[in-house]
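Me: Thanks for joining me for a look at this model. Shall we go through it together?

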Amino acid sequence: MGIQVDQVSKRFGAFQAVDQVSLTVETGALVALLGPSGSGKSTLLRLIAGLDQPDGGRIFLTGRDSTHESVQQRGIGFVFQHYALFKHLTVRQNIGFGLEIAKQPKPRIQNRVNELLELIQLQSLGERYPAQLSGGQRQRVALARALALEPQVLLLDEPFGALDAKVRKDLRAWLRRMHDQSHVTTVFVTHDQEEAMEVSDQVVVMNQGRVEQVGSPAELYDDPATPFVISFIGAVNVLPSHAEIFQRSGYEAKGHQVFLRPNDVAIALTPERASALATVQRVIHLGWEIQVELQLEAGQSFVAHLTREQFDLLNLQPLQIVYVKPKAARSFATVGNDYQI
């Protein structure tokens, strides 16, 4: 067992940051803690690291009760959003810093640093200083430094949050490859659903200090357990259950609201069985897909996503009349306001 969190809670004054959370991370897994600001994901990571102490519950690391252990005793690698590299040390010296402090033999330090430079693909930049590196390169050095002492658990708090979109995407792929080589039990915090879905084996969706659902990216998208999860993972339309698009199709809603993915809207140019009339309001070209804003006769608005091939066949224009029906939809027996984000 890599990490086990058992009924852990943490309060800051009147704010309940983490509320009786239980979670298991298998050894060697790469798990994302995903949620909006204030959902408790960073606090939970800090509790696992020992940077904060829980008000209740227990934390086990590699089968050992670590609830009251210090940060140093836990033997965890931790990487923050900001790189915190030593500006006066070279890349090689930054990576080997922890090994120097641990008084490892110099040949051991040199070999380990060489291994890590190869892992982060910066073999030729070992003598440079942090100021001479790009943001993405500096973050890779920070990750290598965290791995230098061969921790059994690696914790990453918004590791790519300070980087631009292109660099973030490149580093996601690199992090996944690095994990597949190192097999270190890894938990990373992110509010970026695409990042969580692309990188992780399992995603833990958090909301208001609690775990809403744990599952693979496919499970969360295809079988969301709550209104919050379906609203937070992927784009979705929220429509009343009496909307004509559902009445016409015979969809029986469990609650008064229905969640409809944009890619689950079927559009036709002529009336079909169980279809409802809608008007095209706007067409937005997003590159790899087309977003079509639609309005039903009763005034409800929603969006549909089409592939370029689908759009070219339909050749939709603003104010055009079309016919729509749901290919799939989801409703929940109890729908409050918790899903709003």
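**Folding and packing**

Reply: Happily! The protein has 11 helices and 18 strands, taken as DSSP runs (H or I of at least four residues for helices, E of at least two for strands) and numbered from the N terminus. The model is predicted, so local features need pLDDT of at least 70 and side-chain atom pairs count only at pLDDT 80 or more, while totals for chains, interfaces and linings use all residues. Residues are numbered from 1 along each chain as its sequence is written, and side-chain values use heavy atoms, without hydrogens and water.

Me: What percentage of the 341 residues in the protein is buried?

Reply: Buried means under 20% relative accessible area, with exposed over 50% and partly exposed in between (1.4 Å probe, protein chains only). By that cut-off, the buried share of the 341 residues is 50%.

Me: Which helix gives the most to the largest nonpolar core?

Reply: A nonpolar core is a set of buried Ala, Val, Leu, Ile, Met, Phe, Trp, Tyr and Cys residues joined through side-chain atoms within 4.5 Å. The largest has 43 residues, and Ile95, Ile120, Val141 and Leu154 touch the most other members. With 6 residues, spanning part of 135–147, the top contributor is helix α5.

Me: How many residues are in the other core, the one with Ile3 and Val5?

Reply: This core lies apart from the largest one. Val31 and Leu45 are also among its members, and its size is 25 residues.

Me: How far apart are the mean positions of the positive and negative charges?

Reply: Lys and Arg count as positive, Asp and Glu as negative, and His and the chain ends are not counted. Each charge is placed at NZ of Lys, CZ of Arg, CG of Asp or CD of Glu. For the 33 positive and 36 negative charges, the mean positions are separated by 6 Å.
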